[in-house]
Amino acid sequence: MLSRPDVAVVGAGPVGLAIAWRCASRGLRVVVHDPAPGSSASHVAAGMLAPVAEAYFGEHELTGLLTASAARWPAFAAELTAAAGVDVGYRTEGTLMVGLTADDLAEARRLWAYQQGLGLPVTPLRPSALRDREPALAPRVRGGALAATDHQVNPRRLVPALRTAAERAGATLVPAAVRRLSDVDARVTVVAAGCGAAALTGLPVRPVKGQVLRLRAPGGGAPGFRHVIRGYADGEHVYLVPRDSGEVVVGATVEERADTDVSAGAVLRLLRAAVDLLPELAEYDLVETLAGLRPGTPDNAPILGPLPGRPGVLAATGHHRHGIVLTPLTADLIADLVVTGKADPMLAPFTPDRFAPAATADPAGTDADGRSGAFAPEEEHTWN
């Protein structure tokens with residue numbers, strides 16, 4: 001008879017798999033429940049690790065979390081590559097933030113000033129300096145800035161690598177959906193189910209639709225630019241992410257709706273803005289159009305920690321547009337909480353109880369045994 005798992009992770013996206021990997025690496029018995037690992041938001045994601053470019057007004061605490069997690073990415077990527085034997089496409093050329101018109105540049109500069117005020121590394125560049133770095137940029141581009149520490153990873157390589165690493169560490173994947181948390185039998189349950197966390201936990205996680213395009217450079221060669229480009233083009237926000245494979249990811253819309261249909265209007269807007277910034281993209285092949293659902297929250301920040309009144313159920317969801325960059329830190333914080341029962345102070349602004357009483361419980365009722373999410377001292381495990 002199989003022993004009862006120490007940890008059950010519901011959801012096998014990057015966050016869920018990374019938590020499973022970290023927990024299994026500490027010697028815990030881990031089961032991951034997901035009928036289709038990596039098929040949701042991460043399959044659509046561009047993989048930008050952008051704590052600087054994604055630092056927005058009024059999100060100071062979230063920016064701190066993003067910065068801390070991004071700082072872990074170099075070591076995390078190296079460790080994962082060694083554990084899984086897979087290159088995850090981690091690239092460090094940095095991100096260029098640009099404005100096409102005078103109005104675009106004025107809007108961008110307002111945000112850059114805020115980011116610089118937080119002490120983030122934003123280096124303004126004149127048009128000539130921009131084109132020295134990326135000659136393919138349109139002559140019309142009025143100016144920009146460099147976020148040298150904003151990097152990228154390929155989510156479609158990341159998820160298989162995390163699955164391999166987790167399984168090699170001893171985690172078991174159960175290819176089935178979880179409809180009610182009371183059906184999960186484990187000492188600690190971690191809900192990392194993205195938008196599905198709402199039905200399982202009562203947390204205010206909503207779907208935020210994003211439409212994305214994938215282009216391919218002619219002849220299968222590398223794209224004609226190296227940096228991630230994040231731009232304003234006649235009021236349209238767009239990002240362009242080059243891959244070693246010749247692919248370019250173009251995104252993304254932000255829509256308060258729950259369908260995954262691709263609209264002609266969204267494709268038109270994204271392509272127009274992309275070509276306005278990088279004219280050569282007009283000659284690239286359009287190879288994929290798709291839409292995904294980000295797990296958004298009322299304050300745009302993730303939900304991390306025990307559910308109110310249910311310490312044996314931990315949430316790791318609501319990452320919205322930051323799921324990839326927050327993967328390493330989320331995994332470490334949740335694994336530490338599982339093992340020690342002590343929440344790192346970094347979790348304080350992001351716990352589920354900030355949404356109480358909405359964050360109550362599984363509709364089925366209490367968890368299987370009502371025990372604390374921490375192991376007793378004699379059960380505590382350390383890194384192997």
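What follows is a chat about the labels used for a predicted model.

Reader: Let's start with Arg-26. Why is Arg-26 called buried?

Author: Its relative accessibility is 10%, and buried means under 20%, so Arg-26 counts as buried. You'll find Arg-26 in the loop between helix H1 (14-25) and strand S2 (30-33).

Reader: What makes the pairing of the side chains of Arg-26 and Asp-336 a polar contact?

Author: The distance is 2.2 Å between the two side chains, and the cut-off for a pair of N or O atoms is within 3.5 Å. The pair of Arg-26 and Asp-336 is a polar contact on that basis.

Reader: On to the helices. Why are H1 and H6 called roughly parallel?

Author: The axes of H1 and H6 (residues 155-168) cross at roughly 25° and come within 8 Å. Angles under 35 degrees count as roughly parallel, so H1 is roughly parallel to H6. As for the hand of the crossing of H1 and H6, it is left-handed.

Reader: Which residues of H1 and H6 meet there?

Author: From H1 come Pro-14, Leu-17, Ala-18, Ala-20, Trp-21 and Ala-24, and from H6 come Leu-158, Val-159, Leu-162, Arg-163, Ala-165 and Ala-166. By class, the contact of H1 with H6 has 11 nonpolar residues, no polar ones and one charged. Arg counts as charged, and Arg-163 is on the H6 side of that contact.

Reader: How do you know that H1 and H3 are roughly perpendicular?

Author: The axes of H1 and H3 cross at roughly 75° and come within 13 Å. The range for roughly perpendicular is 65 to 115, so H1 and H3 get that label. Ala-18, Trp-21 and Arg-22 of H1 meet Phe-76, Glu-79, Leu-80 and Ala-83 of H3. Those residues split into five nonpolar, no polar and two charged.

Reader: And what makes H3 and H9 roughly perpendicular?

Author: Here the axes of H3 (residues 60-84) and H9 (residues 327-340) cross at roughly 95° and come within 7 Å. With 65 to 115 as the range, H3 and H9 are therefore roughly perpendicular to each other. On the H3 side you have Leu-65, Ala-68, Ser-69, Arg-72, Trp-73 and Phe-76, which meet Thr-327, Pro-328, Leu-329 and Asp-332 of H9. The contact of H3 with H9 divides into six nonpolar, two polar and two charged residues.

Reader: Now the loops. Is Asp-234 buried or exposed, and why?

Author: Exposed means over 50%; Asp-234 has 52% relative accessibility, so Asp-234 counts as exposed. Asp-234 sits in the loop between strand S11 (228-233) and strand S12 (236-242). Check the backbone there too: phi of Asp-234 is near 50°, a positive value in a residue other than glycine.

Reader: Why does Asn-300 count as partly exposed?

Author: The relative accessible area of Asn-300 is 22%. Buried would need under 20% and exposed over 50%, so Asn-300 is partly exposed. Asn-300 also has a positive phi, near 65°, and isn't glycine. Its place is the loop between strand S14 (285-296) and strand S15 (303-307).

Reader: Last one: what is omega for the cis peptide bond from Gly-251 to Ala-252?

Author: Omega is near -15° for that cis bond. As for location, Ala-252 lies in the loop between strand S13 (247-251) and helix H8 (264-277).

Note on methods:
Residues are numbered from 1 along each chain as its sequence is written. This is a predicted model: local features need pLDDT of at least 70, side-chain atom pairs count only at pLDDT 80 or more; totals for chains, interfaces and linings use all residues. Side-chain values use heavy atoms; hydrogens and water are left out. Helices (H or I, at least four residues) and strands (E, at least two) are DSSP runs, numbered from the N terminus. Buried means under 20% relative accessible area, exposed over 50%, partly exposed in between (1.4 Å probe, protein chains only). A polar contact is a pair of N or O atoms within 3.5 Å; within protein, one must be able to donate a hydrogen and the other to accept it, and residues adjacent in sequence count only if both atoms are side-chain atoms. Axes are lines fitted to C-alpha atoms, for helices over the stretch in contact, and angles run from 0 to 180 degrees between N-to-C directions. Angles under 35 degrees count as roughly parallel, over 145 as roughly antiparallel, 65 to 115 as roughly perpendicular and the rest as oblique. A crossing is left-handed if the near helix is turned anticlockwise from the far one by less than a right angle, and right-handed if clockwise. Contact means heavy atoms within 4.5 Å.
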